[in-house]
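Colleague: I'd like a close look at one part of this model, the spot where two helices pack against each other. Could you walk me through it and then work outwards from there?

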Amino acid sequence: MSIKLITALTAMIPMAAQARSQLNLPQGVTEISNRVYDLHMTIFYICCVIGLVVFGAMFWSMIRHRKSKGRKPATFHENVKVEILWTVVPFLILIGMAIPATSTLIAMEDTSEAELTVLVTGSQWKWHYRYLDSDVEYFSLLATQREQIENKFDKGENYLLEVDRPLVIPTDRKVRFLVTSDDVIHSWWVPDFAVKKDANPGFINEAWTKVDEPGIYRGQCAELCGKDHGFMPVVVIAKEPAEFDAWLAEQEQIAQREKEEEQRLLAMSMDMDELMELGERVYLGSCAACHQANGEGIPGVFPALKGSPMALNDMQGHINIVVNGKSGTSMQAFGNQLSLRELAAVITYERNAWGNDTGETVQAADVNAFINE
Amino acid sequence: MSTVVGEVDQHDDHHHHAPSGITRWLFTTNHKDIGSLYLWFSFIMFLVGGSMAMVIRAELFQPGLQLVDPHFFNQMTTVHGLIMVFGAVMPAFTGLANWMIPMMIGAPDMALPRMNNWSFWILPFAFSILLASLFMEGGGPAFGWTFYAPLSTTYSSDSTALFVFSVHIMGISSIMGAINVIVTIMNMRAPGMSYMKMPLFVWTWFITAFLLIAVMPVLAGAVTMVLTDKYFGTSFFDAAGGGDPVLFQHIFWFFGHPEVYIMILPSFGIVSAIIPAFSRKKLFGYASMVYATAAIAGLSFLVWAHHMFTTGMPVFAELFFMYCTMLISVPTGVKVFNWVATMWRGSISFETPMLFALAFVILFTIGGFSGLMLAITPVDFQYHDTYFVVAHFHYVLVSGAIFSIMAAAYYWLPKWTGHMYDEKLAKTHFWASLISVNVLFFPMHFAGLAGMPRRIPDYSIAFADINQIVSIGGFAFGLSQLIFLWVVIKCVKGGEKAPTKPWEGAEGLEWTVPSPAPYHTFDTPPEVK
């Protein structure tokens, strides 16, 4: 339900932030991003002027000093004064560039006195956001339909730049991001904030922003992180502080309710059709990127589930690998990503789809029992 | 080039009894033969790596996935990079060094001819292994040519072992080639040729060879650690075992940045030979050219972390690497100014080698400007890992290094083959390449600034128009290189007879021997005044 709410909200917020230039850096919506933009333009113009002088002299020679015009070559081949001049002058220009660059950099790296901290965790191929001072955390997955990627449907306006649950942050408050990864190196990037920070497994990086205008801001993973590197966008919604506080409180309540709901559902069992229907949905969302929709995986990279001994015989092993992952491989621990119901359904689906017809069902209670063992 | 021997046999060649057929090429210790082998090999690799670029550009022609799946796309970007760096650019320079350094310094051959043979002949094996790994179950390397851990360790397919092995062989080949260059230059210069009389191509290669010896072992260390992390349970790059994935990047770029200059310093030497020849005027500032080259080489060891600004370094380190990187533009600027001053008040003509050299100066300088922009840390956060970077390094590598190699080929083809190349066809090649290379790489700057990350098989529809233009430029550039192949084959087979010195303003010992250069040159060292 909450997902639908956010998606609906996403659609309603004015698109002002999206009207960004397609040929240049975005100016962005923070003081820092504006300083970065100014620095970028300053250095660009300096390069243009130098280019004009150097290429101008070159083309002058090419036009005026041609053999076909009967020019006789001069004989000079060194001039100490000129050579010192064109060593010293560029050096001074560089110092002129380095001063504003240094002060901007120092400001960018000052993460002190943040009012809100969000832990950003990358994994193949999604982002996870956790609000450190409250009980709210969730995954943020690509929301573009596979059919659009495979050219079966028309591509939407935000093709590959849309997620199911965007990160929400307040405007006018300093927000600190702690960035890390569960597997390979990713890089969390929002151009409008001029924030790009690598997510290194086992280490935590810091970055910060203070957004001036409410809006939706889109970015992408910037570090090659494997097969679906191109399919893990970053979407951030900036809301007015009061609106944000209300949102966060609501999310806390929703999280609480979902936990209670889950405990209640443990007592109920689902029939095969229900499990298979939910399982297929979860499988396509969380598993198919590697194991493929047909369950055959990619030989040598991602193992097949179709006909795999684990999916056919070893039920405890199957629950274990889905819940806890397999260290040293791309197989993630889904125990903290999916609800008990979803885990049960997807395991059931994997044991009965593509001719794996074991006829066995796994219930939420079974998964719960395994976790609590 | 294979006609060299036939031509030479008509000259007097009393002590040469070369085997014929394939064994001539397998067993040859002649620097000219080995130079030709390197050059042909690098051209084949250029076409192989180029065809992978065509796959990449075809997939990126439109948004959506059309031709290849993302895993194969990643293999294409990875192997394209590896082949172009280690298979095309570096062997081409080694080929030019083999052909030209002995002739330029008045030596009869390279100092270590048997090692020379070996350093070439292990290369085809290295690249066969790399290319064969693409056909393995799970595919070839798919972690980018920079093979960042842990993507290349824990999360890679089993072809990684083959990748590591082939990189080791490439490294051994490069190190042997570099040793040979240094020993030759230090010991075999003709009487009277002091260091400060050496042609700049010799100087730049001399410095490049030291860079190679310094950093190829670092690369070997990096791949070995990847191998042991993946297969033997070490944790150099795994935090869970006390390692650090960012350590990999420090090691890789400590190799990688000097490597960048390994691929451009010899270009500086080539252009410093060609611009004076066609300006009919001595090179301006010879001594400062030598010092600038040495300064660039020295600084190249102090800038590696500018590839890693987003990995989370202390501010102090970011500032240090930013300042050092900016500093490199000073000696590089000196070189560009010297070339322009060489042309100034010269008597310029525009044969194909000169056209490529001039395009080199302009386009390499544009690559230098974007390099300066990338050095500025706060802005680099925005540029890093986008198409802006892709545009930058293709400007310095394609319209830089590769254009200089083309310039060198046209400049010395008459000396190698004894025939003049077809000037009209060569100019067609030049203009086709010049236009298409800019259609290919210039719009990439815009895509990157607008926010398109590199190494993605599919992109937001906002980038659709730019990518379409880029792909069209890519196909055109790829096809244009077939004209080059045609020109070279035509020139090897025949053509107008080349005089000893076909270029009016050319200087150097290579222009004192007949064209084609006899199989053995300078048996008796010339006297240099």
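Modeller: Sure, and keep in mind that this is a predicted model. The pair to look at is H10(B) and H15(B), which are oblique to each other. Helix H10 of chain B covers residues 265-279 and helix H15 of chain B covers residues 387-417; their axes come within 9 Å and cross at roughly 45°. That crossing counts as oblique because the angle is neither under 35 degrees nor in the 65 to 115 range. As for the hand, H10(B) passes H15(B) in a left-handed crossing.

Which residues do the touching? On H10(B) they are B:Ser267, B:Ile270, B:Val271 and B:Ile274. H15(B) answers with B:Gly400, B:Ala401, B:Ser404, B:Ala407, B:Ala408 and B:Tyr411. Sorted by class, this contact has 7 nonpolar and 3 polar residues, with no charged ones.

Staying in chain B, there are two backbone oddities to check. B:Phe147 has a positive phi of about 30° even though it is not a glycine. You'll find B:Phe147 in the loop between helix H6 (123-132) and helix H7 (160-187) of chain B. B:Phe147 counts as buried because it has 25 C-beta neighbours inside 10 Å, where the cut-off for buried is 20 or more. The other one is a cis peptide bond from B:Ser515 to B:Pro516, with omega near -5°; B:Pro516 sits in the segment after helix H17 (464-493) of chain B.

Now step out to where chain B meets chain A. Here 82 residues from chain B and 80 residues from chain A make the contact. Several helices of chain B each supply at least two residues to its side, among them H4 (70-105), H9 (245-262) and H16 (423-449). H12(B) gives the largest share of that side, 14 residues. By class, the chain B side splits into 46 nonpolar, 26 polar and 10 charged residues.

Chain A has its own pair of backbone oddities. The peptide bond from A:Gln124 to A:Trp125 is cis, with omega near -5°, and A:Trp125 lies in the loop between strand S1 (116-123) and strand S2 (126-131) of chain A. A:Trp354, not a glycine, has a positive phi of about 50°. Its place is the loop between helix H10 (340-352) and helix H11 (364-372) of chain A. With 16 other C-beta atoms within 10 Å, A:Trp354 is partly exposed.

Notes. Residues are numbered from 1 along each chain as its sequence is written. Chains are lettered from A and ligands numbered from 1 in the order in which they are written. This is a predicted model: local features need pLDDT of at least 70, side-chain atom pairs count only at pLDDT 80 or more; totals for chains, interfaces and linings use all residues. Two residues are in contact if their C-beta atoms, placed from the backbone, lie within 7 Å. Helices (H or I, at least four residues) and strands (E, at least two) are DSSP runs, numbered from the N terminus. Ala, Val, Leu, Ile, Met, Phe, Trp, Tyr, Cys and Pro count as nonpolar, Asp, Glu, Lys and Arg as charged, and the others, Gly among them, as polar. Axes are lines fitted to C-alpha atoms, for helices over the stretch in contact, and angles run from 0 to 180 degrees between N-to-C directions. Angles under 35 degrees count as roughly parallel, over 145 as roughly antiparallel, 65 to 115 as roughly perpendicular and the rest as oblique. A crossing is left-handed if the near helix is turned anticlockwise from the far one by less than a right angle, and right-handed if clockwise. A residue is buried if 20 or more other C-beta atoms lie within 10 Å of its own, exposed if 12 or fewer, and partly exposed in between; C-beta atoms are placed from the backbone.
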